[in-house]
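Colleague: I've got a model open on my screen and I'd like to learn how to read it. Could you walk me through it?

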Amino acid sequence: MKTLLEIAGWAAVVQGAGGAVTHLLGWWRWAHDLLIVNHLDILAGYEVFASLALVVLGFALLGTSETLNKDGTS
């Protein structure tokens, strides 16, 4: 369970950071089709906020994974 949370957490952090950098600074235009927020039509116009939310979610998942590791439940 811990490994799955770590993978999901890092994926969310990378997707969120990549989306924020792409939409705020215009870098990494080649990664436009690789970002989750660009494929969801409901997020059109809110890509930056969704990307930042993904970063926060990713760190929350990583923190949860670390908590599980300290408790020894996984």
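**Reading the model, piece by piece**

Modeller: Let's begin at a turn: right after H1 ends, Gly26 adopts a positive phi of about 80°. Keep in mind that this is a predicted model, so treat each value as computed from it.

Colleague: Fine. How many helices and strands does the chain have?

Modeller: It has 2 helices and 0 strands. Along the principal axes, the C-alpha atoms fit a box of roughly 40 × 20 × 15 Å.

Colleague: How far apart should the end C-alpha atoms of helix H1 be?

Modeller: You count residues and allow 1.5 Å for each, taking one less than the number of residues. Helix H1 runs over residues 2–25, which is 24 residues, so the expected span is 34 Å. The C-alpha atoms at its ends are 34 Å apart, so the two agree.

Colleague: Next, burial. Which residues of H1 are buried?

Modeller: The idea is to look at relative accessible area: under 20% is buried, over 50% is exposed, and anything in between is partly exposed. In H1 the buried residues are Lys2, Leu5, Gly9, Ala12, Val13, Gln15, Gly16, Gly18, Gly19, Ala20 and Thr22. Across the chain, buried residues make up 31% of the 74 residues.

Colleague: And Leu24, is that buried or exposed?

Modeller: Leu24 sits in helix H1, but its relative accessibility is 57%, so it counts as exposed. Together with Leu25 and Trp27, Leu24 makes a nonpolar surface patch of about 360 Å². For the chain overall, the accessible surface is about 5,000 Å², and 69% of that belongs to carbon and sulfur atoms.

Colleague: Which residues make up the largest nonpolar core?

Modeller: In soluble globular proteins, nonpolar side chains tend to be buried together. Here the largest nonpolar core has 5 residues: Ala12, Leu35, Val37, Ala50 and Leu54. Take Val37: leaving out neighbours within four places in sequence, it contacts His23, Leu43, Glu47, Ala50, Ser51 and Leu54. Two of those names, Ala50 and Leu54, are on the core list as well.

Colleague: What about Leu35, where is it found?

Modeller: Leu35 lies in the loop between H1 and H2. With 5% relative accessibility, Leu35 falls under the 20% cut-off, so it is buried. Setting aside neighbours within four places, Leu35 is in contact with Gln15, Gly18, Gly19 and Thr22, and each of these is listed among the buried residues of H1.

Colleague: Which residues does Asn38 touch?

Modeller: Asn38 is also placed in the loop between H1 and H2. Not counting residues up to four places away, Asn38 touches His23, His32 and Glu47. Its relative accessibility is 18%, so Asn38 counts as buried.

Colleague: Now the second helix. Where is Ser65, and what does it touch?

Modeller: Ser65 belongs to helix H2, residues 47–71. At a relative accessible area of 1%, Ser65 is under the 20% limit and therefore buried. Beyond residues up to four places away, Ser65 touches Lys2, Leu5 and Glu6. Lys2 and Leu5 appear among the buried residues of H1.

Colleague: How do I read a separation along the chain against one in space?

Modeller: Compare the residue count with the C-alpha separation. Gly63 and Gly9 are 54 residues apart along the chain, and their C-alpha atoms are separated by 8.7 Å. Leu35 and Lys70 are 35 residues apart, with 32 Å between their C-alpha atoms. Gly63 is in helix H2 and counts as partly exposed, because its relative accessibility is 34%.

Colleague: What share of the contacts joins residues at least 24 apart?

Modeller: Looking at contacts between residues at least 6 apart in sequence, 60% join residues at least 24 apart.

Conventions:
Residues numbered from 1 in each chain as written. Predicted model: local features only at pLDDT ≥ 70, side-chain atom pairs only at ≥ 80, totals over all residues. Heavy atoms only, no water. Helix = DSSP H or I, 4+ residues; strand = E, 2+ residues; numbered from the N terminus. Buried < 20%, exposed > 50% of the residue type's maximum accessible area, 1.4 Å probe, protein only. Contact = heavy atoms within 4.5 Å. Areas by Shrake-Rupley, 256 points an atom, 1.4 Å probe, with all protein chains shown as cover. Core = buried A, V, L, I, M, F, W, Y, C linked by side-chain atoms within 4.5 Å. Patch = residues over 30% accessible without salt bridge, like charges linked within 9 Å, V, L, I, M, F, W, Y side chains within 5 Å. Salt bridge = Lys/Arg side-chain N within 4 Å of Asp/Glu carboxyl O.
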